[in-house]
Amino acid sequence: MKDPYDVLGVPRGATQDEIKKAYRKLAKELHPDRHPDNPRLAERFKEVTGAYHVLGDEKLRQRFDRGEIDASGAERAPHYGPQHGPRGGRAQAGGFEGFRFDTEEPEDLFSDLFSAFRRGRGQVRARGGDVRYNLSVSFIDAARGTTKRLGLASGKTLDVKIPVGLSDGQQIRLKGQGEPGLNGGPAGDALIEVKVEPHPFFTRTGSDIHVELPVSLPEAVLGAKIEVPTLAGTVALTVPKGSNSGTTLRLKGKGIAGHAGLPAGDQYVKLKVVLPDAPDAELEQFARSWSKKHEYDPRGRLKIE
């Protein structure tokens with residue numbers, strides 16, 4: 001696992017403000033809403049989020065710097081090594097907090113260790129394990145944001161906040177809701193991977209919403225004002241005269257609401273001219289009569305020179 005300092009691109013002596021600033025810059029650049037079809041950047045976004053989980057919390061950062069936890073925040077095995085020069089040492093990882101030895105003789109070392117155990121100071125504290133869950137949410141709930149109830153392995157239920165604009169496959173971390181710690185150690189986290197269900201007619205690209213809108217022949221030829229569904233309800237849209245199938249109109253700010261430092265997205269409405277389901281003799285006669293006087297080649301642009 002990569003060193004969180006390297007992931008965030010900050011030196012070990014960086015201040016908490018510098019770490020936060022580096023995280024926000026990277027999170028904004030790598031956010032899945034900006035790169036919806038780039039799994040490599042999505043993985044990098046997860047790395048940056050995980051690194052900030054460790055370094056953004058001052059206490060966790062101190063424990064990482066002391067070697068008590070690894071880059072994921074998981075407890076390391078107890079380690080004993082020199083800390084105060086060639087003849088001094090201190091137990092790491094919280095296993096023998098406060099215990100110090102100043103000898104290189106193994107007999108004296110183990111004697112002191114057992115003595116510490118007898119005094120009740122030798123219990124190893126360890127962080128509990130993380131627990132993973134899967135949660136399905138509707139397209140609309142993921143776009144708007146909502147709260148979903150989740151049953152945990154412990155039997156508890158929690159209300160999980162789904163933030164605005166959550167993308168498929170993103171992970172939510174519930175701190176302290178994993179396995180209990182050992183001998184007073186901190187509990188692990190609950191890691192929730194969210195699956196966003198597809199929508200019958202909306203699709204999404206980053207913060208933008210796309211919809212294909214059927215229009216009648218008269219609406220396309222003559223123009224019209226029609227109702228269009230959006231995430232926030234229906235709005236009126238003007239269809240220009242002479243619109244073709246494929247004409248795309250924009251509803252500014254009607255996509256995903258602004259979130260995580262990103263501006264609100266737009267909604268793009270792609271028109272699709274639809275003829276009546278049943279054959280219409282009058283329409284057929286009009287088409288024959290009209291086409292004799294108004295010949296044109298709709299596929300002219302497809303010719304190869």
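**Helix 4 and the aromatic pairs**

Good morning. The buried residues of helix 4 pack against three other helices, namely helix 1 (4–8), helix 2 (16–30) and helix 3 (39–55). Please bear in mind that what we are looking at is a predicted model.

Which residues of helix 4 are buried? Within this helix, which spans residues 58–65, they are Leu60, Arg61, Arg63 and Phe64. Because these residues cover an arc of only 165 degrees around the axis, they sit on the same side of helix 4.

Let us turn to the two ends. At the N-terminal end of helix 4, Asp57 acts as the cap. One of the side-chain oxygens of Asp57 lies 3.0 Å from the backbone nitrogen of Lys59. At the other end, helix 4 is followed by Gly67, which has a positive phi, near 85 degrees.

I now come to the aromatic rings. How many aromatic pairs does the structure hold? There are five. In one of them, the ring centres of Tyr23 and Tyr52 are 4.1 Å apart and the planes are at 5 degrees, so this pair is stacked. The cut-off for stacking is planes under 30 degrees apart. Since Tyr23 belongs to helix 2 and Tyr52 to helix 3, the pair ties together parts that are 29 residues apart in sequence.

Is Tyr23 buried or exposed? Its relative accessibility is 19%, and therefore Tyr23 counts as buried; the limit for that term is under 20%.

Finally, I would point out one aromatic cluster, formed by Phe139, Phe201 and Phe202. Thank you for your attention.

Key
Residues numbered from 1 in each chain as written. Predicted model: local features only at pLDDT ≥ 70, side-chain atom pairs only at ≥ 80, totals over all residues. Heavy atoms only, no water. Buried < 20%, exposed > 50% of the residue type's maximum accessible area, 1.4 Å probe, protein only. Helix = DSSP H or I, 4+ residues; strand = E, 2+ residues; numbered from the N terminus. Arc of directions from axis to C-beta. Contact = heavy atoms within 4.5 Å. Polar contact = N/O pair within 3.5 Å; in protein donor to acceptor, adjacent residues only side chain to side chain. Phe/Tyr/Trp six-rings, centres within 6.5 Å; stacked < 30°, edge-to-face > 60°.
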